[in-house]
Structure formats: structure tokens, C-alpha cells
Amino acid sequence: MPSAPLTIVADLGGTYIRCAVLTPTGTLTGQKRTRLRAPEARAGGLLVWEEVISALADFAASVEGEGPMAIAVPGPVTRDGILLSTPTLAADPPACPDLGGILERRSGRRVLLLNDLSAAAWYFASVLPDVDRFMVITVGSGIGSKVFDRHHDAGVLDDRPYCGEIGHLVADWHAEALPCGCGGRGHLGSIASGRGIERRARELAARDPERFRGSACGRTGMRAAELTNEEHLIPAARAGDAWSLEVVRECTRPLARVLAGAALTVGLQRIIIVGGFAQALGPRYLEILREEVGRLSDYPFLPERLRGSFLLGDAGIEACLLGAGVFARRAQGET
């Protein structure tokens with residue numbers, strides 16, 4: 001009996017493309033990570049799409065066989081597999097190509113596109129068989145979510161392209177509200193994402209330099225404009241620095257409101273937090289989110305139940321890659 005073809009899986013993020021081969025036993029092999037050019041260098045989105053297509057096509061060419069390719073993408077995808085927009089990658093909608101069609105022609109493989117949070121939801125559904133209804137929320141370059149319902153025919157509720165696009169809810173109505181990558185202003189993703197939190201930290205550091213200099217970030221002698229999440233804010237917050245934690249809490253508060261509303265509306269059993277910023281900050285982030293959600297209701301039994309529903313995804317698990325593989329097997333009619 002011939003062996004099952006290998007499945008190529010990819011996770012297209014705002015900063016990196018991650019590719020791997022998924023074996024029939026569910027193991028990821030041959031992983032490769034390619035860094036994309038910085039957002040300010042993405043003229044009209046055209047240059048970054050050249051990078052994306054070349055990286056994916058080259059990886060596909062390096063894998064023997066004719067197995068499918070499943071790609072998790074950071075934006076809404078139609079039922080027909082058409083990518084509509086990728087605000088954290090290239091904000092210009094006309095620059096968003098027929099990614100699946102182009103790669104099918106170049107690779108000779110069947111190409112499946114799904115939203116990256118949908119991919120993560122498929123992964124968690126495979127490892128949490130006793131949880132019937134949950135949400136996966138990402139806090140990274142942007143903000144997004146997906147709901148999984150085991151009793152719904154679709155599983156992941158993404159039959160409408162806007163399902164889970166909570167990052168584009170307006171959370172700040174001021175005229176000077178921060179711009180979002182999609183072109184709007186004051187969106188939740190421009191405030192509560194990793195990028196939004198970093199930008200807010202720089203703004204507050206510049207506005208009150210004396211207080212900033214008293215923080216763990218400021219004591220290094222760095223300038224406000226040089227502050228980054230990876231090198232400064234996250235390590236300081238993890239160490240308990242009051243200024244850094246206050247920045248994170250301020251930016252996370254509007255996200256807590258949205259998640260509490262979603263949990264109460266849909267009756268979620270779990271809310272799983274993934275994404276580079278949240279997972280790098282780890283338990284500190286989860287603690288802040290739980291506290292802010294708990295403050296939103298004084299209905300006697302709700303705060304503790306809501307706080308207890310939040311879980312932090314394992315940062316060591318490639319949930320999007322593995323979930324893309326689950327989706328591909330489902331699309332192929334495999335169990």
C-alpha cells in the first residue's frame with residue numbers, strides 16, 4: 001500500500017513565514033522560518049507579496065511528492081479560499097493576490113488557505129476533546145479570534161469572512177486615536193496588540209520622561225523611541241516593573257471588555273490566549289487579563305467563572321502549523 005502523501009503546512013505571520021512538512025503520524029519536520037521585510041519597507045504591499053510567494057513556492061519545490069499545501073494566513077478568507085485582506089502584513093487590499101491560485105500553478109499542488117486563528121482552533125479542538133465550545137484569541141502583531149463549536153457542522157465558525165475580526169472593532173473614538181493597519185482609527189488591534197502596546201509605551205515614555213526614567217526600561221538610559229517589546233517592555237513587565245505593567249494593563253483593558261462580552265454571549269467554556277506578545281509575557285499577561293475581566297461584573301458567580309475560563313496556549317507548540325494540517329486532512333476527507 002503506498003504511503004500517504006506528505007502535507008506541507010505554512011503559517012504566514014506579520015513578521016515571519018513558518019513552513020514545515022507534516023508527516024502522516026502528525027509530526028512536523030523540516031521546519032523553516034523566513035523573516036519578512038519591515039512594515040515600513042512594504043511599498044503598497046507589492047514587495048512583501050513577492051517575498052511571500054517566492055518563499056512558499058521554493059519550500060514546496062523542496063518537498064518530494066504531490067501532497068497538498070495548507071497555509072494559515074493573517075486575515076479573512078472566503079469559503080472559496082480567497083484571501084480578502086491582511087492588515088498586519090500589507091494594508092493595501094488591491095495588493096492582496098490570489099495566493100492559493102498562484103501557488104497551485106507554481107507548485108502543481110492543491111493549496112488550501114484558512115485564517116491563522118481558524119488553524120489554531122482546529123489544533124486545540126484536536127487536543128481538547130472534552131471542551132465543546134471555546135475561543136482562541138491571538139495577541140501578537142494584531143488581534144483576532146475564532147470560536148470552535150463541536151456541535152456545529154463547520155466546527156470552526158468562520159463561514160463568514162468577518163467571523164473573529166474583533167481586532168477591527170473601534171475601541172477609541174477620539175480624533176487622535178491610533179491608526180490601524182487596515183486604514184481605520186482607534187481599532188482594538190491598534191491598542192491591545194503587541195504593536196499597539198509597544199507604540200503606547202513609547203508615547204507614554206516621551207510624554208512623562210521623568211516617570212519613564214524611574215522604570216526598569218528607563219533606567220537603562222535608552223530613549224523612548226528606542227523602546228521595544230522584546231528587549232525592554234516584556235522583560236521589565238515579567239520582572240514586575242510597575243510602569244511596564246501599567247502600560248500593558250491600560251492597553252489590555254478594552255480587550256478584556258470585548259472578551260467578557262463574547263464569553264457571556266456565546267457561553268464559552270475556555271478562552272485560549274496565543275500570539276507572540278501574550279505568550280512572551282506569559283503568566284503576567286494572563287493575570288492582567290483575568291483581573292480586568294473580573295472587574296467587569298459584580299454578578300455573584302460570574303467573575304470567578306470568567307477568570308477560570310482563560311488559558312495560555314503553549315508557546316512551544318506550533319498550533320497554526322499543526323492546525324493547518326488538521327484542516328487539510330479534514331478537507332481531504334481523512335479522519
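**Exercise 1. Describe how helix α7 ends, how it begins, and how its residues divide between a buried and an exposed side.**

Helix α7 is followed by G240, whose phi is positive, near 95 degrees. The model is a predicted one, in which local features need pLDDT of at least 70 and side-chain atom pairs count only at pLDDT 80 or more, while totals for chains, interfaces and linings use all residues. Residues are numbered from 1 along each chain as its sequence is written, and side-chain values use heavy atoms, with hydrogens and water left out. Helices (H or I, at least four residues) and strands (E, at least two) are DSSP runs, numbered from the N terminus.

Step 1. At the start of α7, a side-chain oxygen of T228 comes to within 3.2 Å of the backbone nitrogen of E231.

Step 2. Helix α7 spans residues 229-238, and its buried residues are N229, H232, L233, I234, A236 and A237; here buried means under 20% relative accessible area, exposed over 50%, and partly exposed in between (1.4 Å probe, protein chains only). Seen down the axis of α7, these buried residues fall within an arc of 160 degrees, so they line one face of the helix, the arc being that of the directions from the helix axis to the C-beta atoms. An α-helix has 3.6 residues a turn, so residues three or four places apart point the same way.

Step 3. The face turned away from the buried side carries the exposed residues E230, E231 and R238, whereas the buried residues of α7 pack against α5 (194-207), α8, α9 (276-281) and α10.

**Exercise 2. Trace the salt bridges around E292, and then examine the pair formed by D132 and R150.**

Step 1. A salt bridge is a side-chain nitrogen of Lys or Arg within 4 Å of a carboxyl oxygen of Asp or Glu, and a search of the whole structure finds 14 of them. Side chains of opposite charge can pair when their charged atoms come close.

Step 2. R249 forms a salt bridge with E292, the closest N and O atoms being 2.8 Å apart. Because R249 lies in helix α8 (residues 242-266) and E292 in helix α10 (residues 283-294), the pair ties together parts that are 43 residues apart in sequence.

Step 3. E292 also forms a salt bridge with R295, where the closest N and O atoms are 2.6 Å apart. E292 is buried, with a relative accessible area of 5%, whereas R295 counts as exposed at 56% relative accessibility. R249, R253, E291, E292 and R295 are linked in a network of salt bridges.

Step 4. D132 forms a salt bridge with R150, with the closest N and O atoms 3.9 Å apart. This pair links distant parts of the chain, 18 residues apart, since D132 is in the loop between α3 (116-127) and β6 (133-139) and R150 in the loop between β7 (143-149) and α4 (188-192). D132 counts as partly exposed at 28% relative accessibility, and R150 likewise counts as partly exposed, at 30%.

**Exercise 3. Determine, for M69, D11 and T138, the strand, the accessibility and the contacts of each residue.**

Step 1. M69 lies in strand β4 (residues 69-73) and counts as buried at 1% relative accessibility. Leaving aside neighbours within four places in sequence, M69 is in contact (heavy atoms within 4.5 Å) with I8, L56, A60, L103, R110, V111 and L112. M69 and L22 are 47 residues apart in sequence and 9.9 Å apart in space, C-alpha to C-alpha.

Step 2. D11 is found in strand β1 (residues 7-12) and is buried, with a relative accessible area of 11%. With neighbours within four places in sequence again left aside, D11 is in contact with Y16, I17, R18, A72, D116, C320 and L321.

Step 3. T138 is found in strand β6 and is buried, with a relative accessible area of 16%. Apart from neighbours within four places in sequence, T138 is in contact with L117, I143, G144, V274 and G275.

Conventions: Polar contact = N/O pair within 3.5 Å; in protein donor to acceptor, adjacent residues only side chain to side chain.
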